[in-house]
Amino acid sequence: MKKWQRLLCFAGTALAATSLVACGSGKSASTEKGGNTKLLMYQIGEKPDNFDKLMEIANKRIKEKTGATIDMQYIGWGEWGDKMSTIIASGESYDIAYAYNYVVNAQKGAFADLTDLMPKYAKETYDNLEPAYIQGNLVNGKLYAFPVDANVYAQQMLSFNKKFLDKYNLDISGIKSYADAEPILKAFHEKEPNVAAFAIGQVFNLSGDYDYPLNKNNPFAVKVDAGKATIINPYAEDSFKANLRLMHKWYQEGLIPSDAATNTEGYPLDGDTWFMREETQGPMDYGDTILTNAAGKEIVSRPLTKALKTTSQAQMANFVVSNASKNKEKAVEVLALLNSDPELLNGLVYGVEGEAWEKVGDKKIKLLDGYKPGTHMSAWNTGNNKILYTQESITDEMIAKRDQSIKDAAESPILGFAVNTDSIKTELSNISNVMNRYKASLNTGTVDPDATLPKFLSDLKDAGWDKVQAELQKQLDEFVAHKK
């Protein structure tokens, strides 16, 4: 599962709010000995194998610049939700953390208000942030997040294994929609019936030009170009229904794997078990460069949706400062350094200079044999991607195109809209149960939508869809009015 797909599991966790106990109480996790401050920082993911060496180098730089050091503790993906929920609810102290359940916990007072702290102690980073990061992270008009500047927009793509395109001389230049891909899929399936033509599985969701006030797994959306921001059920839209029918047709014709509704393993990017898949890209992917590097073979893509700056993208990689921290200013200062100091950040994201990489220009590098998995940290949730050195394959023209694409990407009409779910928790739980019964089979084309949709929509209504829609629309109208 890709990094941004994994994060969607956390982006919509407003449905799983936990109560906070004694938030802000207790002794700060940071320690001070002889004037040296050590900040406790929680990070998500798997710790690099050479973590101690990376942090020894990093902390030397951090101490030199700020007088502090970091005690970074990794929490694995599978444990993250439970552990951070417990830490926050118990009032256990820490200084910095990758944000868990950002909006809900900010509303509950778990995180320090950075509205004034960030411009003061991280001025360079704050001034250079894309405005969408600030707008997308405001909670009741205040900023509680220190966002990592990376993929500020996202775009859904239909991505193809170029090996097969070349082998069968297939042209994808005219593809702009799911329907446009049908002739290519059929032509390929005739040649390679044992390779998944459209490689999708249980977590697949059909895409369109929508934004989602909760997340894509819930049947509430706003059309991007619809004028007034209105909460709709995408499954009741004619264009969405047409795509559901198309998926069912493809399923019947064998273009979609027969086990798609239950397949949780997916199709490895580096394998040749797939022909077309749906992927998410952003500006820091430099087109298909990141996918191609990850696959170890060339992948080419066609855009399926518009490039859109959304709340979920703005909140993709947030760091927060605990409201219980006794060193809030110092914590912000250290985060500022991580996001503004190329020497520090590149040493973490690429690994040890001289072993994993070497500079070949002011801002370009060459990867060495020592650059391997487990020898560096991830870029997306460590620091400002705009100050990362690029490999020689990334040209100045590609960087200029990246920057222009960020300027050109549209802002979602609901950028910064944060839902308060307190009054609709029961209904959202009921709706989630309905979605669990229907979503996978509908989206993968396993069932006939014309036969299934009426029952599905009826069950959503019985679960409380109308009440939730009314509450979401009320909150959205208030948001839009205040925004103006």
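**Exercise 1.** Which residues in α9 and α10 meet? Classify the contact and the relative direction of the two helices.

*Solution.* The model is a predicted one.
- Step 1: from α9, the residues E182, L185 and K186 take part, and they meet L246, K249 and W250 of α10.
- Step 2: sorted by class, this contact holds three nonpolar, no polar and three charged residues.
- Step 3: helix α9 covers residues 182-191, and its axis comes within 12 Å of the α10 axis, with a crossing angle of roughly 10°.
- Step 4: angles under 35 degrees count as roughly parallel, and α9 and α10 are therefore roughly parallel to each other.

**Exercise 2.** Determine how helix α10 packs against helix α17, and state which residues make the contact.

*Solution.*
- Step 1: α10 spans residues 238-252 and α17 spans residues 449-463; their axes lie 10 Å apart at an angle of about 130°.
- Step 2: this angle makes α10 oblique to α17.
- Step 3: on the α10 side the contact uses K241, L244, R245 and H248, and on the α17 side P449, D450 and L453.
- Step 4: the class count for α10 with α17 is three nonpolar, one polar and three charged residues.

**Exercise 3.** Repeat the analysis for α16 and α17, then describe the span that UniProt annotates at residues 413-481.

*Solution.*
- Step 1: the axis of α16 (residues 425-443) comes within 9 Å of that of α17, and the two cross at roughly 170°.
- Step 2: angles over 145 degrees count as roughly antiparallel, and α16 and α17 are therefore roughly antiparallel to each other.
- Step 3: α16 contributes E427, N430, I431, V434, M435, R437, Y438 and L442 to the contact, while α17 contributes P449, T452, L453, K455, F456, D459, L460 and A463.
- Step 4: these residues divide into 10 nonpolar, two polar and four charged.
- Step 5: the UniProt record, an unreviewed entry, places the feature "domain: DUF3502" at residues 413-481. In the model, that span is 74% helix and 0% strand, and its end C-alpha atoms lie 12 Å apart.

**Exercise 4.** Give the strand order of the sheet that contains β17, and explain why β16 and β18 each have one side without a neighbour in the sheet.

*Solution.*
- Step 1: the sheet is open, has three strands in the order β16-β17-β18, and shows mixed pairing.
- Step 2: β16 (357-359) and β18 (390-391) are the edge strands; each has a single partner strand, so one side of each lacks a neighbour in the sheet.
- Step 3: β17, residues 364-367, pairs with β18 in the parallel sense over two bridges.
- Step 4: within β17 and β18, I365 stands opposite Q391.

**Exercise 5.** Is strand β2 mostly covered or mostly uncovered, and how many bridges join β2 to β3?

*Solution.*
- Step 1: β2 runs over residues 36-44, and seven of its nine residues are buried, which leaves the strand mostly covered.
- Step 2: β2 and β3 (residues 68-75) run parallel and are joined by eight bridges.
- Step 3: as a point of register, K38 stands opposite T69 in β3.

**Exercise 6.** Describe the surroundings of V349.

*Solution.*
- Step 1: V349 belongs to helix α14, residues 342-349.
- Step 2: the relative accessible area of V349 is 6%; buried means under 20%, so V349 is buried.
- Step 3: setting aside neighbours within four places in sequence, V349 is in contact with Y371, H376, M377, S378, A379, T382 and L388.
- Step 4: N385 is 36 residues from V349 along the chain, and their C-alpha atoms are separated by 9.7 Å.

Technical notes. Residues are numbered from 1 along each chain as its sequence is written. This is a predicted model: local features need pLDDT of at least 70, side-chain atom pairs count only at pLDDT 80 or more; totals for chains, interfaces and linings use all residues. Side-chain values use heavy atoms; hydrogens and water are left out. Two strands pair if DSSP finds at least two bridges between them. Helices (H or I, at least four residues) and strands (E, at least two) are DSSP runs, numbered from the N terminus. UniProt positions are given in the numbering used here, feature names are shortened, and annotations may be inferred rather than shown by experiment. Axes are lines fitted to C-alpha atoms, for helices over the stretch in contact, and angles run from 0 to 180 degrees between N-to-C directions. Angles under 35 degrees count as roughly parallel, over 145 as roughly antiparallel, 65 to 115 as roughly perpendicular and the rest as oblique. Contact means heavy atoms within 4.5 Å. Ala, Val, Leu, Ile, Met, Phe, Trp, Tyr, Cys and Pro count as nonpolar, Asp, Glu, Lys and Arg as charged, and the others, Gly among them, as polar. Buried means under 20% relative accessible area, exposed over 50%, partly exposed in between (1.4 Å probe, protein chains only).
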